[in-house]
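This briefing is for a reader who is new to the structure shown below. It takes one topic at a time, in short points.

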Amino acid sequence: MLAGAILLVLTALVVPPLPLTRDGVQVLAVVDITGSMNVRDYSASGQPQSRLEAAKAALRHLLAGLPCGSRFALGLFTERRPFLLFAPVEVCDGFAPIDGALAALDWRMAWEADSRVSAGLYRAVEMAAEIGTDLVFITDGQEAPPLPRGQTPPFEGRPGAVRGLIVGAGGYALAPIPKFSDRGREIGFYAESEVQQENRFGPPPADAESREGYNPRNAPFGAAAAQGSEHLSSVREDHLKDLANRTGLAYAHLDGPASLDAPLRAAATARPVPGRFDLRPFLGATALLLVLAAFTAAPFGALSGRLTPRKA
C-alpha cells in the first residue's frame, strides 16, 4: 500500500490536466430594483427576506455553479429601461468581482420610481441580442403605474430570437410595500392614497359612462378617486407568463437560492467551452487513503502474528 501511495504521488507530480469540452452559457442577468422588490415575503435563516435579496442570493448560487468558460453580464432595471453594469465576463477568472457586484445591488441605485416592466423587458431582450447573450430577467411583474386599461404593449421583436428566462419574484399573497424617507430610512408602508391605482392616460375604459361624476369632456374617467390594491404587491405571474409567450422566453418562479439552476439550463443556449479535468486532487486523495490504510492495518497485522500459535 505504501508503494502504491508513492507511485500515485509521483504520478500526480507529472500528469497534465485532461482537456475536455463542456456546455457553458453566456447570460445577461437583469434585476428589477424598483420599490416593490423591497417587499419581504421570503425568508432566510428564519428571518424575513426581501425579493431583491432573494434574487441576489439566487444569482450568486447560479454563478457559483456555472462551468468555467461561461460568461456573465449584469444589468439593473427601473423606470422603463435596463442599464448594463458590465459586459460579459468569464465566470472563473472574474468570479470575485461578479459576486461582489451581485452582493452590492441595492434599491437605492434606482434612478426613477416607475416600474414599466413590459417596456424594460423588451429593451432587455434587445440588449441581450446586442451583446450576444441569453437573458435572465428577474422582477415581480408589478407595473407602476398600471398599464392603461390593462393592455400589455405589443412586442415588436421576433419571439424566440433571444433565449432565456423571466423569473417571477415574490409570494402569491398581497403584501405591503415598504416606504422609505429621503434619507433611505424605512418609515412604514405605502397607503392606498399614495399609489396610483389606475392609469388615466389615453382613452377611458369601457365602463367610464357608468362611473360617478362621468363627463366626456371634463371627467372621462369619472370624478371619484380610483380605488384598488396597487399599494399592495404580489408576484404578477399571469402578466409575466404572458410576456414570456410574447417574447419566446421561458418562465420560472423564484423559490429559493437554487431555483434558477435547472430552469436556466433548460432555457439557455448550450455553448461548448474548453475545459480541463485535473486528476491530481484524486490521485493525492487516493495516496493519502492508502497511507492511512497501511498504518491502520499494521497494528492489526502485528496483533494477529502474536495470537497465531507456534509449532512445537
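In this predicted model, the side chains of Arg60 and Asp99 meet in a salt bridge, with N and O 2.8 Å apart. Arg60 belongs to helix α2 and Asp99 to helix α3, so the contact links distant parts of the chain, 39 residues apart. The points below start with salt bridges and go on to the disulfide, the aromatic pairs, the strands and a surface patch.

**Salt bridges**

- The count of salt bridges comes to 13.
- In the pair of Arg60 and Asp99, Arg60 is partly exposed at 34% relative accessible area, whereas Asp99 counts as buried at 16%.
- Arg271 forms a salt bridge with Asp134, and their closest N and O atoms are 3.7 Å apart. This pair links distant parts of the chain, with Arg271 in strand β14 (residues 271-277) and Asp134 in strand β7, 137 residues apart.
- Arg271 counts as partly exposed, at 23% relative accessibility, while Asp134 counts as buried, at 2%.
- Glu194 and Lys179 form another salt bridge, with 2.3 Å between the closest N and O atoms. Glu194 lies in the loop between β11 (186-189) and β12 (232-233) and Lys179 in strand β10 (residues 178-180), so the pair ties together parts that are 15 residues apart in sequence.
- Glu194 is partly exposed at 38% relative accessibility, and Lys179 is partly exposed at 22%.
- A network of salt bridges links Asp41, Arg51 and Asp140.

**Disulfide**

- The structure holds one disulfide, which joins Cys68 to Cys92 with an S to S distance of 1.8 Å.
- Cys68 sits in the loop between α2 (51-65) and β5 (71-78), and Cys92 in the loop between β6 (81-90) and α3 (95-103), so the disulfide ties together parts that are 24 residues apart in sequence.
- The disulfide is left-handed because the torsion about the S-S bond of Cys68 and Cys92 is about -90 degrees.
- Cys68 counts as partly exposed, with 32% relative accessibility, and Cys92 also counts as partly exposed, with 34%.

**Aromatic pairs**

- There are four aromatic pairs, including the tilted pair of Phe77 and Phe137, with 5.7 Å centre to centre and 50 degrees between the planes.
- Phe77 is in strand β5 and Phe137 in strand β7 (residues 134-139), so this pair links distant parts of the chain, 60 residues apart.
- Phe77 is buried, with a relative accessible area of 0%, and Phe137 counts as buried at 0% relative accessibility.
- Phe83 and Trp111 form an edge-to-face pair, with 6.1 Å centre to centre and 65 degrees between the planes. The pair links distant parts of the chain: Phe83 is in strand β6 and Trp111 in the loop between α3 and α4 (117-131), 28 residues apart.
- Phe83 counts as partly exposed at 39% relative accessibility, and Trp111 counts as partly exposed at 32%.

**Strand β5 and its neighbours**

- Strand β5 is mostly covered, with seven of its eight residues buried.
- Strand β2 (residues 26-32) runs parallel to β5 and is joined to it by seven bridges. Ala29 stands opposite Leu74 in β5.
- β5 and β6 run antiparallel and are joined by seven bridges. Thr78 stands opposite Arg81 in β6.
- The hairpin of β5 and β6 has two residues between the strands, and in this hairpin Glu79 takes a positive phi near 65 degrees.

**Strand β8 and its neighbours**

- Five of the five residues of strand β8 (residues 164-168) are buried.
- Both faces of β8 are covered: Gly164, Ile166 and Gly168 are buried on one side, and Leu165 and Val167 on the other.
- β8 pairs with β7 in the parallel sense over five bridges, and Gly168 in β8 is the bridge partner of Thr139.
- β8 also pairs with strand β13 (residues 250-253) in the parallel sense, over four bridges. His253 in β13 is the bridge partner of Gly168.

**Surface patch**

- Ile6, Val9, Leu10, Leu13 and Val14 form a nonpolar patch on the surface, and together they have about 520 Å² of accessible area.
- Ile6, one of the patch residues, lies in helix α1 (residues 2-14) and is exposed, with a relative accessible area of 54%.

Technical notes:
Residues numbered from 1 in each chain as written. Predicted model: local features only at pLDDT ≥ 70, side-chain atom pairs only at ≥ 80, totals over all residues. Heavy atoms only, no water. Disulfide = S-S within 2.5 Å. Buried < 20%, exposed > 50% of the residue type's maximum accessible area, 1.4 Å probe, protein only. Phe/Tyr/Trp six-rings, centres within 6.5 Å; stacked < 30°, edge-to-face > 60°. Pairing = 2+ DSSP bridges. Patch = residues over 30% accessible without salt bridge, like charges linked within 9 Å, V, L, I, M, F, W, Y side chains within 5 Å. Areas by Shrake-Rupley, 256 points an atom, 1.4 Å probe, with all protein chains shown as cover. Salt bridge = Lys/Arg side-chain N within 4 Å of Asp/Glu carboxyl O.
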